[in-house]
Amino acid sequence: MKRNVIAMLNMKGGVGKTTLCKEIAYYLSANDKKVLLVDVDPQGNLTQSIFERFNFKHHYESETARNKDYKICTATISNVFEYTSIVESVKMEDFILKLNENLAIIPGDLNAVFFERSSGGSESENALKNFMEDFEIREKYDYIFLDCPPTFSFYTTAALLASDFYMSPIHPDSYSILGIDLLFQVVDRLKKVYRDRFKAFPLDHLGVIFSNIPRDGSTQQGMKDMIKDIQQSEVLKGLNVHFFNEPFRINPYIPKKIDYFIADSKSDFSYENLRKIVRELENNIIHLKTPVQQ
Ligand SMILES: Nc1ncnc2c1ncn2[C@@H]1O[C@H](COP(=O)(O)OP(=O)(O)OP(=O)(O)O)[C@@H](O)[C@H]1O
Ligand SMILES: [Mg+2]
């Protein structure tokens with residue numbers, strides 16, 4: 001089986017999980033890779049951004065003030081969570097929305113914030129994983145990116161059960177070391193609880209990536225020192241944490257427009273930043289691929 005499913009994971013909020021997820025996926029799709037995005041976060045930020053960029057909305061969403069002709073999307077991740085491995089009853093357009101030749105999304109359910117799904121039982125926890133297996137989703141795409149919420153919940157478990165790798169953006173600050181330590185503990189615990197699943201298909205750490213970093217040349221000494229302290233910290237030494245060399249740099253357009261994508265503006269310095277991140281990500285995956293292919 002291909003190993004190409006990557007969860008964007010950090011229990012800390014606002015560190016750039018959704019932004020990196022959508023930018024990396026969009027960049028790869030613009031460079032001839034087939035990519036599937038999965039919005040596992042009930043906040044639905046990834047879905048909002050993609051819907052705005054590609055002019056979609058769910059039938060229950062009202063028209064926004066903007067005078068746009070939205071296409072209706074029937075696919076939602078809620079349908080995946082209710083998926084019960086009855087393969088015959090599946091209409092693929094209720095699960096996956098095709099955006100163009102290379103990019104597709106399993107959108108979040110923008111209604112999901114209204115119903116608490118703290119524990120859906122093991123059937124729904126495994127539903128995303130089972131859905132991906134039953135329909136050989138890994139084989140249909142080069143990469144699959146899962147955007148996770150900042151809390152540890154049913155959603156995170158469901159995402160990690162379906163993943164091969166996880167990648168974690170962090171802001172370099174004095175809480176980062178404890179944050180990474182906690183993240184690894186949470187993943188470790190999950191691996192113990194679901195040991196059969198993870199023995200069969202490993203879940204590997206792809207790397208921690210520093211985000212919210214100013215443009216090259218204007219990074220202050222204090223921040224450089226902070227990054228070094230984190231990378232060399234005693235606490236993290238035993239955990240074998242891999243750090244991306246390239247950080248995710250600040251681009252002032254990103255927070256201003258939800259339909260902004262770096263790969264649409266090729267002249268931008270961010271494009272080069274993103275290109276380096278993607279190159280590292282692809283190299284890390286090759287490096288981590290198990291020699292014995294399943
Ligand atoms: N490279 C960047 N340059 C400028 N702003 C950024 C960058 N990356 C992220 N942001 C902004 O930082 C904020 C948080 O980013 P984002 O929503 O991606 O974080 P998150 O980790 O997904 O948050 P949450 O935990 O709530 O899901 C957003 O307003 C986003 O636009
Ligand atoms: Mg997010």
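In the sheet at the heart of this description, Ile-6 stands opposite Phe-145 in β7. The structure is a predicted model, in which local features need pLDDT of at least 70 and side-chain atom pairs count only at pLDDT 80 or more, while totals for chains, interfaces and linings use all residues. Residues are numbered from 1 along each chain as its sequence is written, chains are lettered from A and ligands numbered from 1 in the order in which they are written, and side-chain values use heavy atoms, leaving out hydrogens and water.

A word on naming helps before the tour begins. Helices (H or I, at least four residues) and strands (E, at least two) are DSSP runs, numbered from the N terminus. Two strands are said to pair if DSSP finds at least two bridges between them. On that basis, 8 strands form an open sheet with mixed pairing, and their order is β5-β6-β2-β7-β1-β8-β9-β10. The edges are β5 (97–98) and β10 (248–249), each of which pairs on one side only.

The β5 edge offers a good starting point. Here β5 and strand β6 (residues 103–106) pair in the antiparallel sense over 2 bridges, with Leu-97 opposite Ile-105 in β6. Further along, β2 and β7 pair in the parallel sense over 5 bridges, and Leu-37 stands opposite Phe-145 in β7. Strand β1 (residues 5–8) is also parallel to β7, the two being joined over 4 bridges. Phe-145 therefore appears in two pairings, facing Leu-37 and Ile-6, under the two-bridge rule for pairing.

How many residues of β7 are buried? The term buried means under 20% relative accessible area, exposed means over 50%, and partly exposed lies in between (1.4 Å probe, protein chains only). By this measure 5 of the 5 residues of β7 are buried, leaving the strand mostly covered. Tyr-143, Phe-145 and Asp-147 point one way from β7, whereas Ile-144 and Leu-146 point the other way.

Strand β8 (residues 165–170) continues the sheet. It pairs with β1 in the parallel sense over 3 bridges, and the bridge partner of Ile-6 in β8 is Phe-165. Pairing between β8 and β9 is parallel too, over 6 bridges, with Gly-207 in β9 as the bridge partner of Met-167. Strand β8 is largely enclosed by the rest of the structure, because 6 of its 6 residues are buried. Phe-165, Met-167 and Pro-169 cover one side of the strand, and Tyr-166, Ser-168 and Ile-170 the other.

Two residues give a closer view of this region. Ser-168 lies in β8 and counts as buried because its relative accessibility is 0%. Contact here means heavy atoms within 4.5 Å. Leaving aside neighbours within four places in sequence, Ser-168 is in contact with Leu-9, Leu-183, Gly-207, Val-208 and Ile-209. Ile-209 itself is found in strand β9 (residues 204–213) and is buried, with a relative accessible area of 0%. Not counting residues up to four places away in sequence, Ile-209 touches a set of residues including Leu-20, Met-167, Ser-168, Phe-244 and Ile-277. Ile-209 and Asp-164 are 45 residues apart in sequence and 18 Å apart in space, C-alpha to C-alpha.

Helices accompany the sheet. Helix α2 (residues 45–54) lies across β2 (35–39), β5, β6 and β7 (143–147), running at about 130° to β2. Such axes are lines fitted to C-alpha atoms, for helices over the stretch in contact, and angles run from 0 to 180 degrees between N-to-C directions. Within α2 sits Thr-47, which counts as buried because its relative accessibility is 0%. The side chains of Thr-47 and Asp-39 are joined by a polar contact of 2.6 Å. A polar contact is a pair of N or O atoms within 3.5 Å; within protein, one must be able to donate a hydrogen and the other to accept it, and residues adjacent in sequence count only if both atoms are side-chain atoms. Elsewhere, helix α7 (residues 154–161) is mostly covered, with 8 of its 8 residues buried.

Which residues come nearest to ligand 1? Of the 17 residues around ligand 1 (a heavy atom within 4 Å), these are Lys-17, Thr-18, Thr-19, Arg-249 and Asn-251. A polar side-chain atom of Thr-19 lies 2.5 Å from an oxygen atom of ligand 1. Taken alone, ligand 1 exposes 620 Å², of which the protein buries 77%; accessible areas come from the Shrake-Rupley method with a 1.4 Å probe, and for residues only the protein chains shown count as cover.
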